[in-house]
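Subject: The structure I promised you

Hi,

Here is the structure for you to look at. Have it open while you read, and turn it around as you go.

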Amino acid sequence: MSLQNEIDFSQIANAIASEDGIIERPIMIIKDQVVFPKMIMPVMNSGERALQICKEAIYNKHTIILLAGNNDGETSESSDIHPIGTEVAITQIVPMSSDTFSVLVEGRRRVQFIGYTTNTTEALSGKAQIIQETIGDVDRASALEETLFSLFERVVEAMDNISDEVLNYTTEMNDPSWLTDFAVTIINTTFENRQHALELTNLEDRMRFVIGLLTHELRMLNIKEEIEGQVQQEMTRTQRENYLREQMRVIQGELGEEDYFQQEFEELRRQILMAQLPSPIHEKAMKEFGRLQTIPPMAPEVGIIRTYIEWLIELPWRKATPDNLDLKRAQAILEAEHYGLPKVKDRILEHIAVRKLAAEKMKTPILCFVGPPGVGKTSLGKSIASALGREFVRVSLGGVHDEAEIRGHRRTYIGAMPGRIIQTMRRAGTVNPVFMLDEIDKLGADYRGDPSAALLEVLDPEQNKQFSDHYLDVDYDLSQVFFITTANDLDPLEPALLDRLEIVEFPGYTEEDKLAIAKKFLIPKQLEAHGLKENGLIFPIPTLQTIIREYTYEAGVRNLNREIGTICRKTARLIAEGRPYPRRLTHKHVADYLGPPHHLESRANDVDGVGIVTGLAWTPYGGDVLTIEVALFPGKGTLSMTGQLGDVMQESAQAALSYLRSNARQWDIPSEDFENYDVHLHIPEGATPKDGPSAGISIATAIISAFTECKVRANFAMTGEITLRGRVLPVGGIKEKVLAAHRARIPNIILPEQNRKDLMDIPDKALREMTIYFVSNIAQVLELVLLPPPPDGRERDKYREETTEEDDDKA
C-alpha cells in the first residue's frame with residue numbers, strides 16, 4: 001500500500017537549470033543501485049530523511065537527484081558518494097519494513113554533483129551540473145550501434161525471463177543512447193559496471209564498454225545452456241531407468257516376486273534408523289543413502305557406498321559396558337589370575353576407586369606396560385578387562401610401517417578400509433573396551449609415513465575425543481577407551497609418544513616367583529590341557545628348580561611353561577600307549593623328557609682367576625651376566641677388543657686403561673709394561689652385540705687384575721661407569737641386573753653409590769639372599785674383589801729378571 005496517492009510522471013517537470021546548466025534539488029543517496037535516464041524502476045532505501053525527501057518531491061511534484069554511495073541514505077559525506085548521478089522523478093512510495101521503503105522513479109538526466117546547499121538531519125539538498133552527452137565519430141557510432149543491437153538481440157533470445165515484446169519495443173525506439181543504458185540494466189553485472197556505464201558521457205565509449213559486457217553475458221548464457229542440456233540429458237536417462245525399473249517392479253509384483261534391490265535399500269534404511277546414530281553421523285549416513293538410491297544398482301560405486309554405510313552402522317557410537325566398581329572383586333580377580341606384580345595391581349585398583357568416586361571428572365589413563373617377554377603384560381590386560389567388566393580387544397603393532405594402518409585409507413582408493421583402531425572398535429562392540437596396543441616399541445617408519453605419529457592423537461586424552469580416521473571422515477570418540485600399550489624397551493619410542501604414556505614397569509621374576517607361578521598357574525593349566533588332571537602327575541620343587549635352572553634362562557615364564565608342556569605331552573603319550581609312567585617326576589625324568597640341559601647351571605665365572613670378571617648387563621628381555629676377560633702378551637702396547645663391542649663400551653675400555661696407566665705407580669707396575677705388552681679384551685658370546693658404559697668398572701678391574709696378576713673373586717658381579725679419575729658413576733637397569741645376578745646365584749653385587757635408591761624396586765626375597773656393596777670409586781671395588789698378589793711374585797717380573805740375567809751373561 002503506497003504512502004501517498006499515485007501521480008503520473010508526466011505531471012512532474014525537470015528542474016529548471018541556470019544559464020551554465022546548474023540545477024538545485026533535494027538529494028537522496030542510495031546504495032548499490034543505479035538509475036539511467038529514460039528508465040522507470042523501483043529503488044530501495046531507508047532512513048527518515050530519505051523518506052521525507054521522497055514525500056516532499058511527490059507533494060510538490062518536483063524532481064530530486066539520486067547519487068550512489070557506499071553507505072545508507074542517512075550518511076552524506078562527499079567522500080562516500082559517486083559524483084555522477086541521475087535527476088529522477090518519483091510517483092509512488094511503498095513501505096517494505098519498519099525502516100525500509102521502495103520508490104518508483106523515472107530517470108531524466110545525467111548530472112554531476114557539485115556540492116551541498118543544505119545538509120541537516122531533516123533535509124539534504126545540493127547543486128549539480130547537467131551533463132550533455134557527446135557522440136564522437138558518427139560512422140563509428142553507427143557501426144557500434146549495429147554491433148550492440150546484434151549482441152543485445154542474441155542475449156535477449158538466450159534469456160528465459162525476457163519476452164520478445166522487449167526486443168520489438170527496442171527496435172521501435174531507434175535510440176542508441178537509450179539502448180546502451182537499457183542493455184546494462186537487463187544483464188547480470190556488478191554495481192561497479194553499471195555505475196561506470198552511467199559515468200561514461202561519450203556515447204561511443206559507453207557503447208564499447210557495454211558491448212564488452214554483453215559479450216561476457218552471452219558467453220555465460222551459452223555455458224549455462226550447455227550445462228542445463230547435460231543435466232537434462234542425464235535426467236532423461238535417469239528417468240528412463242526409473243521408468244524401466246518401475247515397470248520391472250510391476251512385473252515382479254504380478255509374478256509374485258519382490259524387487260531385490262528395493263528390498264536391500266529398505267533393509268539398509270531400517271538398519272540406519274535402528275542404529276540410533278548420533279545426529280551428525282545419522283545425517284552423514286542418510287546423505288550417503290540418498291546418493292546410493294540415485295545410482296544404478298549395478299554401478300561400481302554402489303558397493304563402495306554401501307560398505308561405508310555399513311561401517312557407520314556397525315561401529316559402536318553409544319553402547320557402553322557398565323563398569324563393575326567392586327574393589328574387592330577386582331582385587332580377587334587380579335590375585336587369582338596373576339602372581340606378584342603389586343605395583344601394577346595397585347594402579348588398577350586406584351583407577352577403579354577414582355572411577356567409583358568421580359567417574360564423570362576422570363580421564364581414562366593411558367598405561368604402558370614395560371618389561372621383558374613372558375612376565376604377563378598381555379595376560380594382565382585381559383584380567384583388567386575382566387575386573388572392570390569390560391570387553392577386551394588387542395592389536396599387535398609389531399612390524400607396522402604404514403600410517404594408514406592406524407588412520408585408514410581415504411575412500412578414493414580402491415579397497416580402502418578404516419585403520420586398525422576403528423576396525424578393532426567395531427570388533428569390540430562398545431565404546432569403552434580395554435584396548436591393548438601390543439608391541440608398541442616394534443613400530444617402524446618408511447616412505448608411507450610414521451605410525452607412531454598417528455598414535456599421538458589416539459593416545460592423548462585431550463585429543464582422542466575427536467579421533468579422525470581417513471576412511472570414516474567423521475570424528476570418533478575414543479575418550480572412554482581404556483588404552484594399554486606394551487613394550488619390551490622404551491628406547492625406540494618417540495619422546496612425544498612416550499610423554500603421553502604412564503609407564504608401569506614389570507620386573508623379571510625371581511626363582512621363587514617362578515616356582516610359585518608354576519605351582520599355582522602353569523602346571524594346573526598344562527595338566528588340564530593334556531588331560532592329565534586325574535592322573536596324579538606331581539612336579540616336586542627340586543624338579544621344578546632343575547627345569548628353571550638348566551632348561552630356561554629368562555626373565556619371564558614363557559619357556560618354563562613350554563618345558564612343562566613338553567613333559568606333560570610325553571607323559572600323555574605314555575598313558576595313551578598303556579605304558580608305565582612316573583607319577584612323581586625327578587631330575588632323571590626331566591633329563592629323559594627334555595634332553596641334556598640347555599643352559600649351564602651358572603653362566604658366571606665360578607673360579608677365582610686373573611683378568612676375569614663377572615659383569616652385569618641390561619637387555620630388552622631382562623638382565624644378563626657377562627664374563628669379561630683380559631689377557632696380556634708381549635707386544636707393542638696396543639689394546640685390541642673383540643666380542644662385538646659398541647663404541648661406548650670401547651671408550652670405557654680405553655678410559656679404564658688410561659686410569660691404570662696414570663696410577664701405575666700405586667700398583668707397582670713398571671711403565672715399560674705398557675709399552676712391551678699388548679692388551680686383549682674379550683667378552684664371550686661374540687655373536688651378540690654389546691654396548692653401553694655400565695661395564696666400565698668390570699673392564700677396569702679385569703685390566704688391573706691382568707697387570708697386577710691378582711686374582712678376582714668369582715663370587716662377585718659388578719656394574720658401573722668409570723671415569724679417568726677412577727670415580728664410579730650411576731647406570732640404569734639396576735633392577736634387571738640384580739635379578740640376573742640372583743638367577744645366576746651370585747651372592748655379592750657391587751653397585752654405584754648413587755644407585756642405592758634403585759633397590760626399592762627389587763623384590764625383598766632377592767635382596768635377602770644377596771649382599772649389595774655400594775662404591776663411589778674404583779679403589780673401593782678393587783679392595784673388595786682383588787685377592788692378594790702371588791706370594792712368589794709376578795710372572796712378568798720373573799721373566800724380566802731372567803731376561804736381564806741372560807743379557808748380563810751374554811755381556
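Below is what was found in it, starting with some ground rules and then going from helix pairs to single residues.

This is a predicted model, in which local features need pLDDT of at least 70 and side-chain atom pairs count only at pLDDT 80 or more, while totals for chains, interfaces and linings use all residues. Residues are numbered from 1 along each chain as its sequence is written, and side-chain values use heavy atoms, with hydrogens and water left out.

**Helix pairs**

Two packed helices are described by the angle between their axes and the distance between the axes. Axes here are lines fitted to C-alpha atoms, for helices over the stretch in contact, and angles run from 0 to 180 degrees between N-to-C directions. The helices (H or I, at least four residues) and strands (E, at least two) are DSSP runs, numbered from the N terminus.

Start with α3 (residues 164-173) and α4 (residues 176-186), whose axes come within 9 Å and cross at roughly 155 degrees. That makes α3 roughly antiparallel to α4. The cut-offs are: under 35 degrees is roughly parallel, over 145 roughly antiparallel, 65 to 115 roughly perpendicular, and the rest oblique. The crossing of α3 past α4 is right-handed; a crossing gets that name if the near helix is turned clockwise from the far one by less than a right angle, and left-handed if anticlockwise. V166, Y169, T170 and M173 in α3 meet W178, L179 and F182 in α4, where contact means heavy atoms within 4.5 Å. By class, this contact of α3 with α4 has six nonpolar, one polar and no charged residues. For those classes, Ala, Val, Leu, Ile, Met, Phe, Trp, Tyr, Cys and Pro count as nonpolar, Asp, Glu, Lys and Arg as charged, and the others, Gly among them, as polar.

Next, find α8 (residues 279-294) and α9 (residues 301-314), which pack at an angle of about 160 degrees with their axes 10 Å apart. So α8 and α9 are roughly antiparallel too, and α8 passes α9 in a left-handed crossing. On the α8 side you'll find I281, K284, A285, E288, F289, R291 and L292, and they meet V302, I305, R306, Y308, I309 and L312 in α9. The contact of α8 with α9 has nine nonpolar, no polar and four charged residues.

The third pair is α18 (residues 541-551) and α19 (residues 558-576), with axes that come within 10 Å and cross at roughly 120 degrees. α18 and α19 are therefore oblique to each other, and their crossing is right-handed. Here L544, I547, I548 and Y551 in α18 meet L560, E563, I564 and I567 in α19. That contact of α18 with α19 divides into seven nonpolar, no polar and one charged residue.

**The cores**

A nonpolar core is a set of buried Ala, Val, Leu, Ile, Met, Phe, Trp, Tyr and Cys residues joined through side-chain atoms within 4.5 Å. Buried means under 20% relative accessible area, exposed over 50%, and partly exposed in between (1.4 Å probe, protein chains only). The largest core has 53 residues, and L455 and L459 touch the most other members. α9 gives the most to this core, with seven residues. Leaving aside neighbours within four places in sequence, L455 is in contact with L397, I406, L437, I440, L443 and L497. Apart from that core lies another, of 47 residues, with V344, V434, L522 and V557 among them.

**A few single residues**

T701 lies in α23 (residues 696-708) and is buried, with a relative accessible area of 0%. Not counting neighbours within four places in sequence, the contacts of T701 include V613, V712, M718 and I778.

K711 sits in strand β19 (residues 711-712) and counts as partly exposed, at 44% relative accessibility. The C-alpha atoms of K711 and S383 are separated by 51 Å, with their places 328 residues apart along the chain.

K363 lies in the loop between α11 (342-358) and β7 (366-370), and is partly exposed at 48%. Leaving aside neighbours within four places in sequence, K363 is in contact with P461 and E462.

Last, look at E439, which has a positive phi of about 55 degrees although it is not a glycine. E439 is found in the loop between β9 (434-438) and α15 (451-458).

Cheers
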